[in-house]
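Hi,

Here is the structure I promised to pass on. Have a look at it first, and my notes on what turned up follow below.

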Amino acid sequence: MNVNDTDIVRSLLYEAGWQETSVEDQADLLLSNTCAIREGAEQKVWQRLRELKGRNRKLRRKRRKIVGVLGCMAERLQENLLQDGLADLVVGPDAYRDFPRLAGNLMHRYDDDVD
C-alpha cells in the first residue's frame with residue numbers, strides 16, 4: 001500500500017516539476033509516507049520526525065527542509081503532527097492530488113520568509 005501511495009505522490013510531484021534526489025542534504029522537501037497498521041510502524045515515524053526536526057534546527061534558515069507526512073497515520077494524527085512542530089505539511093490519502101500545490105505554496109512561503 002505504501003509503495004503504491006509513494007508512486008502516486010512521486011508521479012504527481014514529477015508532473016508539477018519537482019525532482020527527486022537520493023541525497024537528503026540536497027532535498028528541499030522530505031517526505032515520510034506512513035501506515036500505522038503494522039506494529040511499531042507508528043513509533044518509527046515519530047522517531048524519524050523527531051530526528052528530522054533536530055537536524056533541521058541546526059541548519060541555517062535558508063537551507064531548512066520542509067517536512068511532510070503522508071498516509072493514513074498522517075490523516076489520523078494531523079493535529080498532533082502540526083502542533084508538535086514535527087511536520088510542516090500533513091496530507092492523507094484523499095488529498096494526494098492536491099499535494100504538489102500545497103507543497104509549492106509552503107515552499108514559496110518559506111522562501112518569502114527568508115528573503
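To start with the overall picture: of the 115 residues in the protein, 36% count as buried. Do keep in mind that this is a predicted model. The protein has five helices and three strands, and reading from the N terminus the elements go α-β-α-β-α-α-β-α. If you look at contacts between residues at least 6 apart in sequence, 59% of them join residues at least 24 apart.

Next, the strands. β1 and β2 run parallel and are joined by six bridges. On β1, Asn33 sits opposite Leu70 of β2. β1 is also mostly covered, with five of its six residues buried.

Then there is the packing. As a general point, nonpolar side chains in soluble globular proteins tend to be buried together. Here the largest nonpolar core is made up of 15 residues, and Trp46, Leu49, Val69 and Leu81 have the most contacts inside it. Helix α2, strand β2 (66-71) and helix α3 (72-76) each supply at least two of the core's residues. The largest share comes from α2, which gives four. Trp46 is worth clicking on: leaving aside residues up to four places away in sequence, Trp46 touches Met73, Leu77, Asn80, Leu81, Asp84 and Leu86. Apart from this core lies another one, of 13 residues, including Val9, Leu12, Tyr96 and Met107.

Now for the part you will probably open first, the pocket. The largest one has a volume of about 690 Å³. Its lining consists of 26 residues, and those nearest the centre are Leu13, Glu20, Thr21, Leu29 and Leu31. Four elements give two or more residues to that lining: α1 (2-15), β1 (29-34), α2 (41-58) and α5 (99-114). By residue type, the lining divides into 12 nonpolar, nine polar and five charged.

One last residue, Gly104, which is in helix α5. Is Gly104 buried or exposed? Its relative accessibility is 16%, and the cut-off for buried is under 20%, so Gly104 counts as buried. Gly104 and Ala16 are 88 residues apart in sequence, with their C-alpha atoms 9.0 Å apart in space.

That's the lot from my side. Shout if anything is unclear.

Cheers

Definitions and conventions:
Residues are numbered from 1 along each chain as its sequence is written. This is a predicted model: local features need pLDDT of at least 70, side-chain atom pairs count only at pLDDT 80 or more; totals for chains, interfaces and linings use all residues. Side-chain values use heavy atoms; hydrogens and water are left out. On a 1 Å grid over the protein atoms alone, a cavity is a set of points where a 1.4 Å probe fits but cannot get out, and a pocket is an open set with protein on both sides within 12 Å along at least five of seven lines; lining residues have an atom within 4 Å of a point. Grid points are joined across faces, edges and corners, and a volume is the space filled by probe spheres set on the points. Ala, Val, Leu, Ile, Met, Phe, Trp, Tyr, Cys and Pro count as nonpolar, Asp, Glu, Lys and Arg as charged, and the others, Gly among them, as polar. A nonpolar core is a set of buried Ala, Val, Leu, Ile, Met, Phe, Trp, Tyr and Cys residues joined through side-chain atoms within 4.5 Å. Buried means under 20% relative accessible area, exposed over 50%, partly exposed in between (1.4 Å probe, protein chains only). Contact means heavy atoms within 4.5 Å. Two strands pair if DSSP finds at least two bridges between them.
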